[in-house]
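Let's take a friendly walk through a protein model. Have the sequence and the 3D view side by side as you read.

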Amino acid sequence: MPRKKGAANRNSADRKREILDRIWAVMRSGAGKPLSWREMAAAAGVGPATLSHHFGKRDDVVSAVFEAKREDGADPLRILAEPSSRDLEESLNAALRHMIIGLTEYDVGDLVALGLAEGMYHEAIGPLFVRDGLEPILAGVEARLRAHEERGDFPAGKNLRYAAIILASPVLLTYAHQQPLGGRASYPTALEDLAAQSAKTAAQYLGV
């Protein structure tokens, strides 16, 4: 009996995701080190022709990894976007601690390392990492800020995009400094302390 078209599409999508998961596992174990095309195929357990059939070129595989990780992060991003307290500074501190957990205990930090290694000055991969790796984090923080604004927790009228950057950027940069770049060996910095200070700075910017 012929296979239904929908079932074939699902099988293809599942197969592509299985390949991406295998490649991502090797990328993570290599601490964000870029893989060659043949290394990607070997990580996936397929030949280069099969990898090309499913994805196209190397950049397409990297793009697909970014997109898959964004989909995986949908629930944590929803948590990031929802206020956890009526106290603005407390809620913003909680949002940053949530980010730190993702960076240090899950694979968000590995994604950041990969995105920087693959995307810096790359005209195709760089913007893809911004779209699927960095912007969802900033958008989640901005959504939390907007929810607080709508509840009247701080005066309206401030640039919430700037406030989101004030909050998220120090944590992202310091994480990269401390772990992927190895800065903690010589210049250790407590991310949780930084989060508390960033929350205070953002609350002051917002007029609280």
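Helices here are DSSP runs of at least four residues, numbered from the N terminus. Keep in mind that this is a predicted model.

**The largest pocket**

Which helices each supply at least two residues of the lining of the largest pocket? They are H4 (58–72), H5 (74–81), H6 (88–105), H7 (108–119) and H8 (125–150). H6 gives the largest share, with 5 residues. The pocket holds about 490 Å³ of space, and its lining is made up of 21 residues. Gly 73, Pro 76, Leu 77, Gly 102 and Val 108 lie nearest the centre. By class, the lining has 12 nonpolar, 4 polar and 5 charged residues.

**Two helices to look at**

Now compare the lengths of H6 and H10.

| Helix | Residues | Expected span | End-to-end C-alpha distance |
|---|---|---|---|
| H6 | 18 residues | 26 Å | 25 Å |
| H10 | 15 residues | 21 Å | 21 Å |

For H6, the two values agree, because the expected span counts 1.5 Å a residue.

At the N-terminal end of H6, Asp 87 acts as a cap: one of its side-chain oxygens lies 3.4 Å from the backbone nitrogen of Glu 89. The buried residues of H6 include Leu 92, Leu 96, Met 99 and Leu 103. Among the elements covering the buried residues of H6 are H5, H7, H8, H9 (160–178) and H10 (191–205).

H10 has buried residues too, among them Leu 191, Leu 194, Ala 195 and Ser 198. What do the buried residues of H10 pack against? Their partners are H6 and H9. After H10 comes Gly 207, with a positive phi near 90 degrees.

Note on methods: Residues numbered from 1 in each chain as written. Predicted model: local features only at pLDDT ≥ 70, side-chain atom pairs only at ≥ 80, totals over all residues. Heavy atoms only, no water. 1 Å grid on protein atoms, 1.4 Å probe; cavity = no way out; pocket = protein on both sides within 12 Å on 5 of 7 lines; lining within 4 Å. Points joined across faces, edges and corners; volume = space filled by probe spheres on them. Nonpolar A, V, L, I, M, F, W, Y, C, P; charged D, E, K, R; others polar. Expected span 1.5 Å × (residues − 1). Buried < 20%, exposed > 50% of the residue type's maximum accessible area, 1.4 Å probe, protein only. Contact = heavy atoms within 4.5 Å. Polar contact = N/O pair within 3.5 Å; in protein donor to acceptor, adjacent residues only side chain to side chain.
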